[in-house]
Amino acid sequence: TGGAIAKRFAREGYVVVPVRRKLDHLDDLTREIRDEGGSVVPIGCDARDEQQMIALFDRIEKEVAPLEVVVFNIGANVRFPFEEIEVRKFTKIWELACFAGFLTCREAARKMSPRGKGSILVTGASASVKGFAGGAAFASAKFALRGMTQGLARELWPKGIHVAHFIID
């Protein structure tokens, strides 16, 4: 989904900045976008690390362009029987699917608010509205991400920033 979103924005003339923990995991996507004539600046960053996320947004603003659209699309859709899930696995899923969304949205809002414009788009899954067997960690994180996004939308729209949550399965 993330690659498709990046390619579509590139086709529409945006400079896209795909982000993954391991930069080399963006090689194929970067090549595809460039082969199609798009502009792409891939960056390696752990979206669960506050300092890396602050540095990421500062770098984009300084080296690429002022942010117009930010898309958060981290998943972490894995299944574990509830009685067997380890705390670290549960926490990691939450960090990826919810906490990283918080950091992304907060840093985007901090950059966009002074300009009074921009869009923050957050992808969810059907797990954002209904749980499933083996999905307690993922669904609870996606529920929380949706709730945060709804609150953020109401807080930022008076400032000219559009926030939307999309369910994509």
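Guide: In this predicted model, H4 and H5 are roughly parallel to each other, because angles under 35 degrees count as such.

Visitor: At roughly what angle do the axes of helix H4 and helix H5 cross, and within what distance do they come?

Guide: The axis of helix H4, residues 87-112, and that of helix H5, residues 136-156, cross at roughly 15° and come within 8 Å. The crossing of these two helices is right-handed.

Visitor: Which residues of H4 and H5 make the contact?

Guide: From H4 the contact takes Phe-90, Ile-93, Trp-94, Ala-97, Cys-98, Gly-101, Phe-102, Cys-105 and Ala-109, while from H5 the partners include Phe-138, Lys-142, Leu-145, Met-148, Leu-152 and Leu-156. Sorted by class, the contact of H4 with H5 has 17 nonpolar, 2 polar and 1 charged residues.

Visitor: Helix H4 also meets H3; is that crossing left-handed or right-handed?

Guide: H3 passes H4 in a right-handed crossing, and here the two axes come within 10 Å and cross at roughly 35°. The contact is made on the H3 side by Glu-50, Met-53, Ile-54, Phe-57, Asp-58 and Glu-61, and on the H4 side by Leu-103, Thr-104, Arg-106, Glu-107, Ala-108 and Lys-111. By class, the residues in this contact of H3 with H4 are 5 nonpolar, 1 polar and 6 charged.

Visitor: Turning from helices to pockets, how much space lies in the largest pocket?

Guide: The general idea is that rolling a probe the size of a water molecule over the atoms shows where empty space is left. In this structure, the largest pocket holds about 1,200 Å³ of space. Of the 41 residues that line the largest pocket, Val-17, Pro-18, Val-19, Val-71 and Asn-73 are the closest to its centre.

Visitor: Which elements give two or more residues to the lining of the largest pocket?

Guide: They are helix H1 (2-11), strand S1 (15-16), strand S2 (19-20), helix H3 (50-64), strand S5 (69-72) and H4. The lining of the largest pocket divides into 28 nonpolar, 7 polar and 6 charged residues.

Visitor: And how many residues line the second largest pocket?

Guide: The second largest pocket, with about 270 Å³ of space, is lined by 17 residues, and those nearest its centre are Gly-124, Ala-125, Phe-138, Ile-168 and Asp-169. Strand S6 (118-124) and H5 are the elements that give two or more residues to this lining, which divides into 6 nonpolar, 8 polar and 3 charged residues. Phe-138, listed here beside the centre of the second largest pocket, also belongs to the H5 side of the contact with H4.

Conventions:
Residues are numbered from 1 along each chain as its sequence is written. This is a predicted model: local features need pLDDT of at least 70, side-chain atom pairs count only at pLDDT 80 or more; totals for chains, interfaces and linings use all residues. Side-chain values use heavy atoms; hydrogens and water are left out. Axes are lines fitted to C-alpha atoms, for helices over the stretch in contact, and angles run from 0 to 180 degrees between N-to-C directions. Helices (H or I, at least four residues) and strands (E, at least two) are DSSP runs, numbered from the N terminus. Angles under 35 degrees count as roughly parallel, over 145 as roughly antiparallel, 65 to 115 as roughly perpendicular and the rest as oblique. A crossing is left-handed if the near helix is turned anticlockwise from the far one by less than a right angle, and right-handed if clockwise. Contact means heavy atoms within 4.5 Å. Ala, Val, Leu, Ile, Met, Phe, Trp, Tyr, Cys and Pro count as nonpolar, Asp, Glu, Lys and Arg as charged, and the others, Gly among them, as polar. On a 1 Å grid over the protein atoms alone, a cavity is a set of points where a 1.4 Å probe fits but cannot get out, and a pocket is an open set with protein on both sides within 12 Å along at least five of seven lines; lining residues have an atom within 4 Å of a point. Grid points are joined across faces, edges and corners, and a volume is the space filled by probe spheres set on the points.
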